[in-house]
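Here is a short tour of one model, told strand by strand and side chain by side chain. Have the structure open while you read.

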Amino acid sequence: MSAATTRSRTPDRLCAEAVDLARAAAEEAAAPGVVGEHVELVSEGDRVVTHFFECMEFGYRGWRWAVTVARASRAKVVTLDEAVLLPGPDALLAPEWVPWSERLRPGDMGPGDLLPTDAEDLRLEPGFSGEDEPAPNSAVSDDMAELVEAEDAEVTAGSPANLPVAPRRGSIAAVAEELGLRRARVLSRYGLHIAADRWEESYGPKTAMAQAAPAACVSCGFLNPIGGSLGQAFGVCANEFSPADGRVVSLSYGCGGHSEAAVMPKPPRPAPPVIDETRVDPFPLRPAADSGSVSIATDESAELGHS
């Protein structure tokens with residue numbers, strides 16, 4: 001260890017004793033009563049010392065006022081360098097700043113909010129936005145024009161070149177517009193994959209609803225198919241009683257609202273009553289003598305109660 005390093009770690013005596021000068025500078029930068037007790041001092045170099053004071057202001061727990069003082073070589077007067085408010089080891093700090101594009105979550109947008117997309121967004125790729133180009137074998141193509149010029153022929157913009165409808169149907173732009181590709185940017189393969197993963201996580205075969213469903217959405221009459229490559233694995237639910245009504249669901253998803261989940265049986269109709277009118281059932285007007293709980297005595301020698 002060199003002598004210069006040893007001297008830089010040893011606080012200068014006059015700078016270390018300038019606590020009152022440092023406190024006055026901290027109170028001037030802050031306000032009287034906000035600067036607390038002297039915490040520590042740190043040697044920043046030869047004849048350079050930083051004094052730390054507690055910050056008593058609300059909302060700055062653990063922060064400290066740092067006042068740096070210095071002394072010129074062979075000078076007896078200590079001068080002030082700077083006074084700043086710095087966080088301490090246990091200071092209450094704000095969370096690390098995250099760009100809005102990384103902290104935005106689905107559902108955060110509200111009415112009137114704008115969400116600009118990055119020019120290098122991996123979810124998008126350039127679509128077809130060029131002008132109409134004639135087919136290679138067209139009479140007005142560059143190759144055919146060179147061939148005609150070599151044969152001393154002439155290509156005029158006559159019929160059917162003057163008809164805008166006929167060439168329009170077979171042009172590249174017409175096909176691109178029919179396929180939905182004539183836009184500045186379209187979904188890339190990466191954008192399709194992350195969308196499919198997100199939809200399948202919410203309404204896919206691994207959800208609790210799909211595990212308890214009687215059948216999958218691929219056989220449900222309420223499933224509305226969608227176009228494009230995603231239509232091979234997803235559709236839109238149109239059952240108002242389903243938890244996925246109006247949502248993009250996987251074909252392997254399912255719920256209790258399946259169109260073929262159960263067929264309600266018709267209530268059974270009771271059989272008509274049968275009345276037999278060919279026989280008569282006798283009904284006695286008086287009860288039988290032996291129908292009571294006391295038996296009738298048949299012995300004639302029984303004593304009577306009176307003469």
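## A histidine pair and its surroundings

The side chains of His51 and His38 make a polar contact, at 3.1 Å. Keep in mind that this is a predicted model. His51 belongs to strand β2, and with a relative accessibility of 0% it counts as buried.

What surrounds His51? Setting aside neighbours within four places in sequence, His51 is in contact with Cys15, Ala16, Ala18, Val19 and Ala22, with His38, Glu40 and Leu41, and with Trp65, Ala66, Val67 and Val69. Two of these names will come back below: Ala22 is one of the buried residues of helix α3, and Trp65 is buried on one side of strand β3.

## Strand β3 and its partners

Let's move on to β3, which spans residues 63–71 and has 9 of its 9 residues buried. Both faces are covered. On one side sit Trp63, Trp65, Val67, Val69 and Arg71, and on the other Arg64, Ala66, Thr68 and Ala70, all of them buried. Note that each side includes an arginine: Arg71 on one, Arg64 on the other.

β3 pairs with β2 and also with β4, and here is how the two pairings look:

| Strand pair | Sense | Bridges | One facing pair |
|---|---|---|---|
| β2 (residues 48–55) and β3 | antiparallel | 7 bridges | Glu54 and Arg64 |
| β3 and β4 (residues 78–87) | antiparallel | 9 bridges | Ala66 and Val84 |

So how are β3 and β4 linked along the chain, and what does Arg74 do in the turn? The two strands form a hairpin with 6 residues between them, and Arg74 in that turn has a positive phi of about 65°.

## The helix against the strands

Helix α3 runs over residues 19–29, and its buried residues are Ala22, Ala25 and Ala26. Why do these three belong together? They cover an arc of only 100° around the axis, so they lie on the same side of α3. This fits the general rule: an α-helix has 3.6 residues a turn, so residues three or four places apart point the same way. On the other side of α3, Asp20 and Glu28 are exposed.

What covers the buried alanines? The cover includes β1 (35–45) along with β2, β3 and β4. His51 in β2 gives one concrete example, being in contact with Ala22.

## A second, open sheet

Further along the chain, 3 strands form an open sheet in the order β7-β8-β9, with antiparallel pairing. Its edge strands are β7 (223–225) and β9 (248–250), each of which pairs on one side only. From one strand to the next, the twist averages 50°. β7 and β8 (residues 234–237) are joined by 3 bridges, and within that pairing Asn224 has Val236 as its bridge partner in β8.

## The cysteines

How many disulfides does the whole structure hold? A search finds 0. Cys217 is in no disulfide, and the nearest cysteine sulfur, that of Cys255, is 6.0 Å away. For a pair to count, the sulfur atoms would have to be within 2.5 Å.

Is Cys217 buried or exposed? Cys217 is buried, at a relative accessible area of 10%. Cys15 is buried as well, at 0%, and Cys15 is also among the contacts of His51, which brings us back to where we started.

Definitions and conventions
Residues numbered from 1 in each chain as written. Predicted model: local features only at pLDDT ≥ 70, side-chain atom pairs only at ≥ 80, totals over all residues. Heavy atoms only, no water. Buried < 20%, exposed > 50% of the residue type's maximum accessible area, 1.4 Å probe, protein only. Helix = DSSP H or I, 4+ residues; strand = E, 2+ residues; numbered from the N terminus. Pairing = 2+ DSSP bridges. Arc of directions from axis to C-beta. Contact = heavy atoms within 4.5 Å. Axes fitted to C-alpha atoms, helices over the stretch in contact; angles between N-to-C directions. Polar contact = N/O pair within 3.5 Å; in protein donor to acceptor, adjacent residues only side chain to side chain.
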